[in-house]
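Please open the model in your viewer and keep the selection tool at hand. The tour below goes from one selection to the next and says what is to be found at each stop.

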Amino acid sequence: MGTDSFNFMYEENMENLQDLQNKILTDISSAANLKKLEEIRVSVLGKKGLITEKMKTLGSLSMEDKIALGKELNLLKTTIENTLNERKQFLENQELNHRLANETIDVTLPIRPETQGRIHPISKIYEEIVAIFGEMGFEVAEGPDIEDQFHNFNALNMPADHPARQMQDTFYINNPNSPNVDDSFVIRTHTSPVQIRTMEKKHPPIRIIAPGRTYRSDYDATHTPMFHQVEGLVIDKTTTMAHLKGCLYDFVRAFFEIDNIKVRYRPSYFPFTEPSAEMDIGCRKSKDELKIGEGEDWLEILGCGMVHPKVLAAGGIDPNEYQGFAFGMGFDRLAMLKYGIPDLRTFFESDIRWLKYYGFVPLDESSMTGGLSNNGGLAR
Ligand code: DAH
């Protein structure tokens, strides 16, 4: 039976309202879906529907007939409406149950297709460093890779004739606006210029880390021309060397995931800190293994110190009012150490087989609460 035939078919039975009602109610209760049901509703109760049309004819009847038929028609209409609503409710529920059953997902099933991409060990270490210092209340600051010499050297207490400049094998970039070598740009040799850029922008208290790319002309198993450092800077009125020691000790404990890791601070020299120190962690070096955290050997991991008053002044901060500490650490070597990767150069060769082997599953995020390195999440 096509939907268009409703009117026609009901028309034939019009004389007997009881028959008509039975027919319509049967149609309603056998309507298989909401669309069908709506078609029935329109053909019976719609503007041009059967009952509506019948109501219109009441005007031409005698008063008595009008009252009698009007009553019957109203009753019929109400009965049909009620039945329609009931059926509608039923079909809606059925549809919903059907959808819920279809959309059920078993959250315990493994991901399909399994994720193919891997997180590069450097990105992993980066996330770990940010997670640890983030927990201590540090913000992440950034600076440009192409720096001017003021931010990379001069402001860090390394004027043009300073011998420390020769310590770093700097890549220079011509300044198109000036033939003067002092005006040439550099690709930053360390993340320390972000100290200056932060001081220029922010008033103390300052508590930032600046992880990022750095560049020096160097190439062997533990050096690549592009490598990564993280800078730290804390400035306030009463920040001391004790804060520096506590902060970095907590960092290495969290980073190497060894609670009682041995550390020591050795006096050192950097132009931008006074006093300056280097931090070593205890380790044991045997022929083909390096064990971190115990043993009689030491491994240098970072440089640090109290920010030199000249550096504070260059950043626009009054050294008579403020003081603070800074540290700088190369973290490619830490990635090699922590994840047992023997040659730094392989990090940047973009070999997908290498990444599959040494990379990390992307769903394992590093956090202090959820586990830092998720060693179980190692792809291999
Ligand atoms: N910028 C130094 C380097 O690249 C590392 C460093 C040492 C940074 C001591 C510091 C610091 O902030 O206090 O070798």
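The stops run from the domains to a helix, then to aromatic rings, charged pairs and a histidine.

This is a predicted model, in which local features need pLDDT of at least 70 and side-chain atom pairs count only at pLDDT 80 or more, while totals for chains, interfaces and linings use all residues. Residues are numbered from 1 along each chain as its sequence is written, and side-chain values use heavy atoms, with hydrogens and water left out.

**Domains**

Begin by colouring residues 3-102 as domain 1 and residues 122-351 as domain 2, the two parts into which the protein chain is divided; these bounds come from an automatic or database domain assignment. The centres of domain 1 and domain 2, taken over C-alpha atoms, are separated by 81 Å.

**Helix H5**

Next select residues 63-103, which form helix H5; helices here are DSSP runs (H or I, at least four residues) and strands likewise (E, at least two), numbered from the N terminus. H5 has 41 residues, and from its first C-alpha to its last it reaches 58 Å, close to the 60 Å expected at 1.5 Å a residue, where the expected span is 1.5 Å times one less than the number of residues.

Within H5, show the side chains of Gly70, Leu73, Leu76, Ile80, Thr83, Leu84, Arg87 and Leu91, which are buried. Buried means under 20% relative accessible area, exposed means over 50%, and partly exposed lies in between (1.4 Å probe, protein chains only). If you add helix H2 (17-30), H3 and helix H4 (50-56) to the view, you have the elements against which the buried residues of H5 pack.

Stay with H3 (residues 34-45) and pick Arg41 and Glu38, which are three residues apart in this helix and therefore separated by about one helical turn. Their side chains meet in a salt bridge at 2.9 Å, N to O, a term that requires a side-chain nitrogen of Lys or Arg within 4 Å of a carboxyl oxygen of Asp or Glu. Arg41 is partly exposed at 33% relative accessibility, and Glu38 is partly exposed at 38%.

**Aromatic rings**

Which residues do ring pairs link into a cluster? Select Phe133, Phe138, Phe251, Phe255, Phe256 and Phe327 to see it. Rings of Phe, Tyr and Trp (its six-membered ring) pair if their centres lie within 6.5 Å, and planes under 30 degrees apart count as stacked, over 60 as edge-to-face and the rest as tilted.

The structure holds 12 aromatic pairs. One of them is that of Phe133 and Phe327, which is stacked, with 5.4 Å centre to centre and 25° between the planes. Phe133 lies in helix H6 (residues 121-135) and Phe327 in strand S11 (residues 323-330), so this pair ties together parts that are 194 residues apart in sequence. Phe133 is buried at 0% relative accessibility, and Phe327 is buried at 2%.

The pair of Phe251 and Phe255 is stacked because its ring centres are 5.5 Å apart and its planes are at 25°. These two residues are four places apart in helix H10 (residues 241-256), which means that about one helical turn separates them, and both are buried.

Now add Lys338, which lies over the face of Phe255 at 4.4 Å from the ring centre; a charge sits over a ring if NZ of Lys or CZ of Arg is within 6 Å of the ring centre and within 35 degrees of the ring normal. Elsewhere, Arg345 lies over the face of Tyr219, at 5.5 Å from the ring centre.

**Charged pairs**

Return to H10 and select Asp250 and Arg253, whose closest N and O atoms are 3.3 Å apart in a salt bridge. Asp250 is partly exposed at 38% relative accessible area, and Arg253 is partly exposed at 29%. Then select Arg264, Arg266, Glu278 and Asp280, which are joined into one network by salt bridges that share partners.

A further salt bridge is formed by Arg197 and Glu147, at 2.7 Å, N to O. Here Arg197 belongs to helix H9 (residues 193-201) and Glu147 to strand S2 (residues 146-147), so that the pair links distant parts of the chain, 50 residues apart. Glu147 is buried, at 0% relative accessibility. Over the whole structure, a search finds 19 salt bridges.

**His162**

Finally, centre the view on His162, in the loop between helix H7 (149-152) and helix H8 (164-167). Is His162 buried or exposed? At 15% relative accessibility, His162 counts as buried. Not counting residues up to four places away in sequence, His162 touches Asn157, Tyr269 and Pro271, contact meaning heavy atoms within 4.5 Å.
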